[in-house]
Amino acid sequence: MPLDPMPDWVPARRREIGARLRQARLAANLTQLQLGERIGRDHRTIHRWEYGQRVPSLDDLLLLADATGVPLRDLVG
């Protein structure tokens, strides 16, 4: 059985969350490389999250919140 197509609002929401991740990273004065090193992820992965190309897992979101000092609710709010 084929999967239903992704609703239009999902990619838009993914980009919004990515923009919040980028703002948090910049506010913490971190490069994508530095943030990636702090959470054990490649800087290309950070880039993909920030531009909504990929979706971070809940574990990754928790690590991102801790590394940037931003509450999880503010990242995904």
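Three short exercises with worked solutions follow.

This is a predicted model, in which local features need pLDDT of at least 70, side-chain atom pairs count only at pLDDT 80 or more, and totals for chains, interfaces and linings use all residues. Residues are numbered from 1 along each chain as its sequence is written, and side-chain values use heavy atoms, with hydrogens and water left out.

**Exercise 1. Compare the span of helix H1 with its expected span, then find its buried side.**

Step 1. Helices are DSSP runs (H or I, at least four residues), numbered from the N terminus. The expected span is 1.5 Å times one less than the number of residues. H1 has 19 residues, so it should span 27 Å. Its end C-alpha atoms are 27 Å apart, which agrees.

Step 2. Buried means under 20% relative accessible area, exposed over 50%, partly exposed in between (1.4 Å probe, protein chains only). In H1, the buried residues are Val10, Ile17, Gly18, Leu21, Ala24 and Arg25. They cover an arc of only 120° around the axis (taken from the directions from the helix axis to the C-beta atoms), so they sit on the same side of H1.

Step 3. Turn to the face pointing away from that buried side: it carries the exposed residues Trp9, Gln23 and Ala27.

**Exercise 2. Which residues does Glu50 touch, and is Glu50 buried or exposed?**

Step 1. Place it. Glu50 lies in helix H3, residues 43-50. Its relative accessibility is 5%, so Glu50 counts as buried.

Step 2. List its contacts (heavy atoms within 4.5 Å). Leaving aside neighbours within four places in sequence, Glu50 touches Gly18, Ala19, Leu21, Arg22, Arg25 and Gln32.

Step 3. Check for a salt bridge (a side-chain nitrogen of Lys or Arg within 4 Å of a carboxyl oxygen of Asp or Glu). Arg25 forms one with Glu50, with the closest N and O atoms 2.5 Å apart. Arg25 lies in H1 and Glu50 in H3, so the pair ties together parts 25 residues apart in sequence.

**Exercise 3. Where do Arg41 and Asp60 lie, and what does their pairing tie together?**

Step 1. Find the bond. Arg41 and Asp60 form a salt bridge, their closest N and O atoms being 2.6 Å apart.

Step 2. Place the partners. Arg41 lies in the loop between H2 and H3, and Asp60 in helix H4, so the pair ties together parts that are 19 residues apart in sequence.

Step 3. Compare exposure. Arg41 is partly exposed, at 33%. Asp60 counts as buried, at 8% relative accessibility.

Key: Helix = DSSP H or I, 4+ residues; strand = E, 2+ residues; numbered from the N terminus.
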